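User: Please go through the reasoning behind several structural labels for this protein.

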Amino acid sequence: MKKTLAVFAVLLSVVFIFGAITNPDTIVKATIGGPDTFDVHQAYDNASGEVLSNVYEPLFVFKGSSLSEFEPRLCTDIPTVANGGIKDGGKTYVFKIRKGVKFHEGGDLSPEDVEYTIERGIIASPTGGPMGMFTQYMFGNPDFKDLVAKYVGVAEYKEMFNDAAFQDLKPEYTEKLVKFYKEVVDPAVEVKGDEVYVHLQVPFGPFLTIIGGEAFWGSIIDKEWSISKGLWDGKAEGWWKYHDVQKEKSPIYNVCNGTGPFKMLEWNTTTKQVTLERFDGYWRAPAKIKTVIIKGIDEWSTRKAMLEKGDADIITVDATYIDQIRNREKEGIKVIDNIPELGVRSISFCWSVDPKSKYIGSGKLDGEGVPPDFFTDENVRQAFSYSFDYVAYIKDTVNGLGITIPTLIPQGMLGFNPNLPTYKLDVAKATQYFKRAFKGQLWLKGFKMQITYNTGNVVRQKALEQLRDNLLKINPKFKVEVVGIQWASLLDARKRSELPLFMMGWGADFPDPHNFVFTYYHSKGDQSSFYGENFINYATTPNAELDGLSLDQIVEKAGLETDTKTRVALYNKIQNFAINHALGMPVYQPIALKGMRTWIKGWYTNPQKGSDDYFYTLSKAE
């Protein structure tokens, strides 16, 4: 009897030990929203990037939490001057490609895959996508269409086509576009034996962090598989048919084939759920976890309940709610709220809204809407900038997990200057500027507009609601409706210039201030390119405040400057200009956070990666 009881007690202890961990071979993450696309050269958002970073691999990554050390992935050595990997004064990079690596669909990794990947990315170059970084530093122009137009000798890319989709090329330009590929794109990436040579027109020190690091747009794809799916066929003839394809029409919009530790099994766009499965043929060693499920759950109460029950192992936490799960380690819940992040959160203005946009009401200055050029008036931008309480927002909405920043260069970057003036809530100044706007007519007539946030993002919702309430207090005729829409829909609406005002986050693509200054203040930046034609004209016009240079020109000059002191001085000039003319509202620099079960082991982050998860290192254990 005693022996039986002893055995029963042992069995109970085993059940307790193993039963305490829900689904030990599976990690469930509950986050906000869902991916935008799985085309590695079109994706430019964290939700898509987190999946791609686990399914695909770049040539190399940052080592752990470092922003200065790399470790190889699909190349065997990190290029340096000393090992001969960086040549021609920093204009040529040589990557020796790893052998014995398999893609999920069975193909073998080869140098030709790397060459094809980079060239396909350059040719694809979706508007507002990440490949502008490649074209900027490889060819000296972030705008691929502009690069081609200048080579051919036309004013604009569209002049060469009979249709708005850029598919029906006028016959007289066929030979020139074929030559463009042969003389510009093809020579920029070469295969020599086991090595791939990448050529830049001018040296750019951070180039390695663009092509590798935590950059999911540096993911390598299988050439043969890609062509079989309908991507660019690798030929000079007809390459233009594969340029800037609509997101959903990309053959790899919803499919993946990488070399990473996980395979993508399913993306359910209706339920916003992605399921990943361990790739047992992974070249390093199989992951500890067999299955990863990423669920888009916009409601905080649902995410919290999932974490408490153990139905979710990791959840996205809005800073507003962080206190609800603090100090609960005894219940198996832990909070990580000191995650360094090289990023900013800002409110941006569109200077040329699509006149047909449903978000600008009547589209007129008649009290029932706003005109498409509403934010072209500097008085409006200044007034909005003084209508927000940045300090109270950081204290109350994000629970102090944010840093006040004067411009859109984050703390920790070269050029960050805490002594620059910052905007504060100032009703008197806001009123003064509103009364000046549109020669006094705005104050008299008022306005109506809708401003949007991505559904489930409470901290952005509360920011826009605070702005709405403050505007109404300043003048009861200022009527703003805050509207939540799905993440992918918001991105599409922004791309179509339908949003008069939008709040977005930006995390470092590479740890250099140029990635923020160019992004927000250059007319071809990945945020400012959505500001519209009026901003383009503004940013390309010479200005006495910028020593006779245009805003575009001084941003480009700062990015290429090699002397640190001179570079800092240029960034100070740009930042003062941005403040003086209210080129955007820097809301705060976030301190990233998340909640997880205490049984999650092996978690780490990188300042560039923020709170995104790399599931390969994770396991579950008491």
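The exchange below sets computed values against the criteria for each label.

User: How do you know how much confidence to place in the model?

Analyst: This is a predicted model. The protein chain has a mean pLDDT of 93, and 97% of its residues reach 70 or more. Over residues 1-19, however, the pLDDT is below 50, and this stretch has 3 contacts beyond near neighbours in sequence. Where pLDDT is low, the predicted coordinates should not be read in detail.

User: Why is asparagine 457 called buried?

Analyst: The relative accessibility of asparagine 457 is 10%. Buried means under 20%, so the residue meets the criterion. Asparagine 457 is located in the loop between E15 and H14. Apart from neighbours within four places in sequence, asparagine 457 is in contact with Ile32 and Asp318.

User: What makes strands E15 and E16 a pair?

Analyst: Pairing requires at least two bridges. Strand E15 (residues 447-454) and strand E16 (residues 478-485) are joined by 8 bridges, so they qualify as a pair. The two strands run parallel. From E15 the chain passes through helix H14 (residues 458-474) to E16, in a right-handed β-α-β crossover. Lysine 448 stands opposite lysine 479 in E16.

User: Which helix gives the largest share of the lining of the second largest pocket?

Analyst: That helix is H4, with 5 residues. The lining comprises 43 residues, and those nearest the centre of the pocket are Thr127, Asp143, Lys145, Ser529 and Ile536. The second largest pocket holds about 1,300 Å³ of space.

Definitions and conventions:
Residues are numbered from 1 along each chain as its sequence is written. This is a predicted model: local features need pLDDT of at least 70, side-chain atom pairs count only at pLDDT 80 or more; totals for chains, interfaces and linings use all residues. Side-chain values use heavy atoms; hydrogens and water are left out. pLDDT is the predictor's confidence in each residue, from 0 to 100. Contact means heavy atoms within 4.5 Å. Helices (H or I, at least four residues) and strands (E, at least two) are DSSP runs, numbered from the N terminus. A crossover is right-handed if, with the strands pointing away from the viewer, the path from the first strand over the helix to the second runs clockwise. Buried means under 20% relative accessible area, exposed over 50%, partly exposed in between (1.4 Å probe, protein chains only). On a 1 Å grid over the protein atoms alone, a cavity is a set of points where a 1.4 Å probe fits but cannot get out, and a pocket is an open set with protein on both sides within 12 Å along at least five of seven lines; lining residues have an atom within 4 Å of a point. Grid points are joined across faces, edges and corners, and a volume is the space filled by probe spheres set on the points.
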